[in-house]
Amino acid sequence: EALLGRGAFGEVYLAEHINLKVYRAVKCISKCHDFYGIATREADILKNLRHPAIPIIYDIEENDDCVYIIEEFVKGMSLNSFITKHGNISVKEIADIALQLCQILEYLHDNKVYHADIKPENILYDNGRIYLLDYGNARTGDENINLKIGTKGYAAPEFYTADEVRGDSDIYAIGVVLLVLATGKKDTKAMNEISMVQLRELIALCINHSREERIKDVKELIRRLKKIKMLKTEAEN
C-alpha cells in the first residue's frame, strides 16, 4: 500500500492481508546487504517477546533476493515528528513518555534483550501511548557481537570501544531522548535550557561517559522519573 520508511537494513512497507483485510508492516531486507545476517536476527528476537508496546512477528517469507519480515502494523507518528509538531513539551508529558519507554526496556532487560538503537525515529507516539520499534540492532545477553552499529548522538561511548553494549547503553540513549524532548536538541550544551534541576541532573546521570557513574538499572531510572513527575505535579498544585 505504501512505503513507511527506510532504515539501515532495508525498507518497511505497509501491506494489506488479502484475506484477513488487516494491515501489516513488511520489512524488506536484501540478501545482498552486508549486514543481512544481523538484520534477520530481529525476527529471532521478537518471536519470543510479548509486550503490548512491542510489535508482533507474524511470519517470514523470502525469495532469491530478499527476506520479508511480516510484523504487526502500529499506527502513530515517530517521536521525532511529535517533537517537531508540538514544540514545547511539559515536564509531566516528558516523564510520561520516558516512563513508558522505560517500562518497555524493563521488560526487555528482564528478558536479557538490549535494544541498542533507541532514538526518536524508532519510538512511535499514538495518543499518549508509546511503542518501541526496530530491533534489527538488538542483542541478547548470551551473545558476544563484535560489530556495533549505533546512531551518532544516541550511541553510548562503548559503541566506539571494546566494551560490551548492554542495559546501561540503552539508558544512555534514553538520556539523549530526554534531552531532545526537553530542548529539541541532542547537543549536551542544550542542558542549560532545562529549568528543572532534577530533570537536568537525571539526564546528566544517564549520559555520563563513565559507565561507573551512569545510571545502570532501568528500575532506578523509573524510580527517579516518577519522583520528577510527582514534584512537578505538586509544584503546579
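Me: How do the residues lining the second largest pocket divide by type?
Reply: In this predicted model, eight of the lining residues are nonpolar, three are polar and two are charged. The second largest pocket has a volume of about 190 Å³. Of its 13 lining residues, G153, A155, Y172, V176 and H209 are the closest to the centre.

Me: What makes G153 polar and V176 nonpolar in such a division?
Reply: The grouping goes by residue type: Gly counts among the polar residues and Val among the nonpolar ones. G153 and V176 are both among the lining residues closest to the pocket centre.

Me: What makes an empty space a cavity, and how many of 30 Å³ or more does the search find?
Reply: A cavity is a space where a 1.4 Å probe fits but cannot get out, whereas a pocket is open. Searching the whole structure gives two cavities of 30 Å³ or more. The largest cavity, at about 50 Å³, is therefore above that limit of 30 Å³.

Me: Which residues line the largest cavity?
Reply: They are A116, D117, I118, G150, T151, Y154, A155, F159, S169, D170 and A173. This lining divides into six nonpolar, three polar and two charged residues. A155 is also one of the residues closest to the centre of the second largest pocket.

Me: Why is H115 called buried?
Reply: Buried means under 20% relative accessible area, and H115 has 0%, so H115 counts as buried. Its place in the chain is the loop between β7 (113-114) and β8 (123-126). Leaving aside residues up to four places away in sequence, H115 touches L105, N122, L132, L133, D134, Y135, N137, A138 and D170. D170 also belongs to the lining of the largest cavity.

Me: And R166, at 16% relative accessibility: why buried rather than partly exposed?
Reply: The limit is again 20%; R166 has 16%, so R166 counts as buried. R166 sits in the loop between β10 (139-140) and α5 (167-183). Between R166 and V22 there are 36 Å from C-alpha to C-alpha, with the two 144 residues apart in sequence.

Me: What makes β1 and β4 edge strands of the five-stranded sheet?
Reply: This open sheet has the order β1-β2-β3-β5-β4, with antiparallel pairing. β1 (2-6) and β4 (57-62) each have a single partner strand, so one side of each has no neighbour in the sheet. On average, neighbouring strands here are turned by 25° against each other, direction ignored.

Me: How do you know that β4 and β5 pair?
Reply: Pairing needs at least two bridges, and five bridges join β4 to β5 (residues 66-72). Therefore β4 and β5 count as a pair, and they run antiparallel. One of the bridges links I60 with I69 in β5.

Me: How does the three-stranded sheet compare with that rule: how many bridges join β8 to β9?
Reply: Four bridges join β8 to β9, so they meet the requirement of at least two. The open sheet has the order β6-β8-β9 and antiparallel pairing. β6 (77-78) and β9 (129-132) are its edge strands, each pairing on one side only. Helix α4 (residues 91-110) packs on this sheet, where it touches β8 and β9, and its direction makes about 40° with that of β9.

Me: What lies between the two strands of the β8 and β9 hairpin?
Reply: Two residues separate β8 from β9, and N127 in the turn has a positive phi of about 50°. D126 has R129 in β9 as its bridge partner.

Methods
Residues numbered from 1 in each chain as written. Predicted model: local features only at pLDDT ≥ 70, side-chain atom pairs only at ≥ 80, totals over all residues. Heavy atoms only, no water. 1 Å grid on protein atoms, 1.4 Å probe; cavity = no way out; pocket = protein on both sides within 12 Å on 5 of 7 lines; lining within 4 Å. Axes fitted to C-alpha atoms, helices over the stretch in contact; angles between N-to-C directions. Buried < 20%, exposed > 50% of the residue type's maximum accessible area, 1.4 Å probe, protein only. Contact = heavy atoms within 4.5 Å.
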